[in-house]
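Q: I'd like to learn how to read a model like this one. Could you take me through it, one feature at a time?

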Amino acid sequence: MRALPLLFVCGMVTVAAAHAQSATPGGMPPPPGMSLAESAAMRFPQPVRVGDLIGREVLRPVESQDVLGRVRRVVHDRNGQIMVVIDFGGFLGFGSRPIAVPVDAMVLLGQDMEIVAFTPKQLQQFPTFSPSGTTHVPDNKIIKVGLAKPSH
Amino acid sequence: MKSPFRPDFPPDAAVLDDHKPLIRSLDRRVLIRGGVSLGALAMLTGCDIKRPEAVEAALLAISRFNDGVQALLFDPNKLAPTYPASMILRPPKFNAYYDVMDVKPVDGATWRLDVSGLVADKRAWTLSDLQALPQTSIVIKHICVEGWSYIGGWTGVPLRLFLERVGADLRAKYVAFKTADDYPSSIDMASALHPQTLLALKYGGDTLADPFGYPMRLRTAVKLGYKNPKWVTAIEVTNKYPGGYWESLGFPWFAGI
């Protein structure tokens, strides 16, 4: 009689471990008063090939990890700042529009990226990206992007 | 007809309240939480579920039993799948029990690897000592208990070779690690001697970057991600159960893949 319930519970205990490795949340927004560049520098920026970023999912740094969009391309803006152009919003690939987000507002999360410095509401106010005045950053260029731990 | 599994006396519902934090922590697995019901708890090997410590002791006993079964099933000669170098994710995925901004980089020039326990040679190792040993490269999947994974390419000294060099007692039960970020960890000797268990010094052909454990971290293909301590500063060979950071919080110790 005792062996059977024992087997039942074995599975349960293993999955209890899924209680995530998250004593502190990842993807924290920049501390108040800190510039994007300063906060990005605290996130141990790592070299990444621009071509490896294209098509990546861009997530919201919350437990549900909502998908905000996908990386379409990387450009230098008029001031030489590196911007990630994201197909933002929409539903099932329809109705999205491109917006340009400073790379220092974003982090790498394994195969994905997150926008840590802007809320979805703020992103909705971003103008639709227009390539005029920007220069394309080719796929083989290496740029540096900060890191975060998973937000779940 | 009354089910033979139904207890004669219904358990006290307060037992669920006693374990509310634990059950709430399972909220990513709503189905599982649904399984943690009074009925399931009542089936716990006849322990007295009115006492919370009895429930926890029963769950931990089952976890240890699982560890034992996994150790029995472990095949020291079976290799985990490997992948072409083109599939290596660059950079790798960062994770820790704290956010990346709290990473404290380690100075490779002054770093020492202490060796203790059941070993013949307890001399501390420098980074260049380790670099001078034969190196092996593997491209393997990092599988996290949280459910994510990525393919990474690691180069370093096979732990087996290191243990042989320091004259470790290879019949000892455990190899334990201490780290610069206070993340103690330990693995069984069979996994330590597995050919896909490395003291990793490089990722994707380049020196390990700070957030990923420079100058040296453990990387094994036969364990879940949390069994791969970064910034290792000490190795001990021992027969006394060393435990680990997450293990002390209830995670399974063996955590084999």
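A: Sure. Let's start with what gets counted: helices are DSSP runs of H or I with at least four residues, and strands are runs of E with at least two. Keep in mind that this is a predicted model.

Q: How many helices and strands does chain B have, then?

A: By that count, chain B has eight helices and nine strands.

Q: And what does the secondary structure of chain A come to?

A: For chain A you get four helices and nine strands. Following the sequence, the elements of chain A come in the pattern α-α-β-α-β-β-β-β-β-β-α-β-β.

Q: How do I read a hairpin? Which strands of chain B form one?

A: Begin with pairing: two strands pair if DSSP finds at least two bridges between them. In chain B, strand S2 (residues 136-143) and strand S3 (residues 149-158) are joined by eight bridges and run antiparallel. S2(B) and S3(B) make a hairpin, with five residues between them. Look at B:Ile143, which sits opposite B:Ser149 in S3(B). In the turn, B:Gly147 has a positive phi of about 115°.

Q: What about burial: what share of each chain is buried?

A: Here a residue is buried if 20 or more other C-beta atoms lie within 10 Å of its own. Of the 257 residues in chain B, 36% are buried. For chain A, with 152 residues, the figure is 35%.

Q: Last one: what share of contacts links residues 24 or more positions apart?

A: Take the contacts with a separation of 6 or more: residues 24 or more positions apart account for 68% of them in chain B, and for 60% in chain A.

Technical notes. Residues numbered from 1 in each chain as written. Chains lettered and ligands numbered in written order. Predicted model: local features only at pLDDT ≥ 70, side-chain atom pairs only at ≥ 80, totals over all residues. Buried ≥ 20, exposed ≤ 12 C-beta atoms within 10 Å, placed from the backbone. Contact = placed C-beta atoms within 7 Å.
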